[in-house]
Amino acid sequence: MWRRSTGQWFVQGWQSGFATYNWGVPTDVPAPRDFDGDGRADPAIYRPTTGQWWVLFPSRSDFTAAQWGVPFTDLPAPADFRGNAASEVAVWRPSNGRWFILDLPASTGAIYGWGAWIDVPAPADFDGDGKADLAVFRPQTGEWFVFFLSSNTAARYQ
């Protein structure tokens, strides 16, 4: 659980049973995922006011910060796009429907176009290949648009 008012994380079942972390400020967006592939979600925040990511790695008492996003514009959309059991930092830009995906350890990025300004990003593994696909939900029509990265194909679902 992340408490927006204090930027504090409360984690049940972590190493010693329960842990708290001060990680974030009230304007941040929580985005926990397993960014280091150790099988546990890492406390992470996306700071929309600066376009920065802050990821805490409690298992190794370390953190990383990455400038990956345009302030006040991009939406966080992290997922495991490579299929290696570790999520990548990613943002989706509504103004042009582009996905910006950053592999933190390698410091390499990829850009894809998928979606329209009225959509909501929802990356997940839709084809069961172990890798997240680019997906957006269009609230106005109730449609899903999925781009399968492994096969380079697209689908629309109603």
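Reader: Why is Asp-80 said to have no salt bridge, and which side chain of opposite charge is nearest?

Author: The nearest is Arg-82, 5.5 Å away. A salt bridge needs a side-chain nitrogen of Lys or Arg within 4 Å of a carboxyl oxygen of Asp or Glu. So Asp-80, though buried, has no salt bridge. This is a predicted model: local features need pLDDT of at least 70, side-chain atom pairs count only at pLDDT 80 or more, and totals for chains, interfaces and linings use all residues. Residues are numbered from 1 along each chain as its sequence is written, and side-chain values use heavy atoms, without hydrogens and water.

Reader: What polar atoms does the side chain of Asp-80 reach in Ala-85?

Author: The backbone nitrogen of Ala-85, at 2.9 Å. The backbone nitrogen of Arg-82 lies 3.4 Å from a polar atom of the Asp-80 side chain. A polar contact is a pair of N or O atoms within 3.5 Å; within protein, one must be able to donate a hydrogen and the other to accept it, and residues adjacent in sequence count only if both atoms are side-chain atoms.

Reader: Why is Arg-47 called buried?

Author: Its relative accessible area is 18%. Buried means under 20%, exposed over 50%, partly exposed in between (1.4 Å probe, protein chains only). Therefore Arg-47 counts as buried. Arg-47 lies in strand E5 (residues 44–47). Its side chain makes a polar contact of 2.7 Å with that of Asp-28.

Reader: What makes Phe-126 partly exposed?

Author: Its relative accessibility is 39%. That value falls between the two cut-offs, so Phe-126 is partly exposed.

Terms used
Lys and Arg count as positive and Asp and Glu as negative; His and the chain ends are not counted. Helices (H or I, at least four residues) and strands (E, at least two) are DSSP runs, numbered from the N terminus.
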